[in-house]
Amino acid sequence: MRFLSMRRRHPAAKPLMLLLALVLVGCVYALVSPAASSTADTNVSSQAAAGKAIFETNCSSCHGMNGEGTTQGPTLAGVGAASVDFQMGTGRMPMARPEAQAPAKRTNFTDEEIAQVAAYVASLAPGPSVPDAEQYTGKGLSAEEIARGGELFRTNCSACHAIDGRGGALPNGSYAPSLVKTSDKHIYEALRTGPQQMPVFSKSALTDDDVKEIIAYLSSVHSQPNDGGFSLGGLGPISEGLWAWIIGIGTCVLVAFWLAKKGARAR
């Protein structure tokens with residue numbers, strides 16, 4: 001102990017102790033961190049490999065063996081995992097046959113299989129990832145935030161999806177699908193990936209908070225009870241005014257014809 005106490009006062013003691021501490025920290029980091037990283041990389045690689053096998057069997061005929069695209073389907077490089085999760089999760093892909101637009105239907109793939117294909121497509125090139133629940137869950141927002149979501153929806157989405165999200169017709173045989181039964185996650189993914197005729201809404205155009213408010217607005221509208229009457233396609237005051245003119249003026253014209261005919265008979 002006396003020997004160590006004497007050496008501790010040596011001028012080189014502090015630098016040596018610092019060097020020893022750095023070596024010890026480096027050894028601990030080398031033992032722990034790379035192993036965890038290697039395990040994570042192995043899991044991702046195995047998931048992507050499983051996804052590639054599913055992709056080659058079900059998707060390559062249109063998108064190419066390596067997702068490079070063909071005359072039947074576009075390249076998938078850069079579309080990201082979110083696009084795969086939306087397209088396969090809603091049953092739109094794989095398509096049974098070429099059509100103007102892929103309709104939503106029940107999917108034949110499990111969540112695990114969809115995640116595997118998404119991991120493979122994500123490995124082709126960087127793209128939007130599958131969102132976490134906190135990015136799209138609109139629960140707990142105030143009435144003012146929901147009202148703002150309605151304004152954002154009417155400004156950016158209602159021209160195609162109608163004022164209440166029930167969908168509508170588009171040119172060339174396409175259509176904007178109904179959002180009544182679409183999950184919150186798939187609405188978020190559609191906004192970020194722009195499937196088919198839909199434009200891409202980046203985070204600079206609509207932030208995650210904006211998307212939450214839009215989703216909360218749609219949930220509020222779709223949860224309201226139907227107390228009677230006609231929705232008129234959910235097109236808002238334009239369709240309501242049109243039908244008011246057609247029915248109102250049409251009724252007046254019919255009454256005028258009836259009165260004129262009755263008056264002619266009276267003479």
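These exercises cover a helix pair and some salt bridges in a predicted model.

**Exercise 1.** Classify the packing of helix H4 against helix H9: roughly parallel, perpendicular, antiparallel or oblique.

*Solution.*
- Locate the helices: H4 spans residues 80–89 and H9 spans residues 184–193.
- Take the geometry: the axes lie 9 Å apart, at an angle of about 125°.
- Apply the cut-offs: 65 to 115 degrees is roughly perpendicular, and over 145 is roughly antiparallel.
- Conclude: H4 is therefore oblique to H9.
- Add the hand: the crossing of H4 and H9 is left-handed.

**Exercise 2.** Which residues form the contact of H4 with H9, and how do they divide by class?

*Solution.*
- On H4, the residues are Ala82, Ser83, Asp85, Phe86 and Gly89.
- On H9, they meet Lys185, His186, Glu189, Ala190 and Thr193.
- By class, the contact has 3 nonpolar, 4 polar and 3 charged residues.

**Exercise 3.** Describe the salt bridge between glutamate 56 and lysine 52.

*Solution.*
- Check the distance: N to O is 3.2 Å.
- Place the pair: both residues lie in helix H2 (residues 13–58), 4 residues apart, about one turn of the helix.
- Assess glutamate 56: its relative accessibility is 31%, so it counts as partly exposed.
- Assess lysine 52: at 26%, it is also partly exposed.

**Exercise 4.** Which salt-bridge partners does aspartate 208 have among arginine 192 and lysine 203?

*Solution.*
- Arginine 192 pairs with aspartate 208 at 2.9 Å, N to O.
- This pair links helix H10 (residues 208–222), which holds aspartate 208, to arginine 192 in H9, 16 residues apart.
- Lysine 203 also bridges to aspartate 208, with the closest N and O atoms 3.8 Å apart.
- Aspartate 208 has 19% relative accessibility, so it counts as buried.
- Lysine 203, at 48%, is partly exposed.

How values were computed:
Residues are numbered from 1 along each chain as its sequence is written. This is a predicted model: local features need pLDDT of at least 70, side-chain atom pairs count only at pLDDT 80 or more; totals for chains, interfaces and linings use all residues. Side-chain values use heavy atoms; hydrogens and water are left out. Axes are lines fitted to C-alpha atoms, for helices over the stretch in contact, and angles run from 0 to 180 degrees between N-to-C directions. Helices (H or I, at least four residues) and strands (E, at least two) are DSSP runs, numbered from the N terminus. Angles under 35 degrees count as roughly parallel, over 145 as roughly antiparallel, 65 to 115 as roughly perpendicular and the rest as oblique. A crossing is left-handed if the near helix is turned anticlockwise from the far one by less than a right angle, and right-handed if clockwise. Contact means heavy atoms within 4.5 Å. Ala, Val, Leu, Ile, Met, Phe, Trp, Tyr, Cys and Pro count as nonpolar, Asp, Glu, Lys and Arg as charged, and the others, Gly among them, as polar. A salt bridge is a side-chain nitrogen of Lys or Arg within 4 Å of a carboxyl oxygen of Asp or Glu. Buried means under 20% relative accessible area, exposed over 50%, partly exposed in between (1.4 Å probe, protein chains only).
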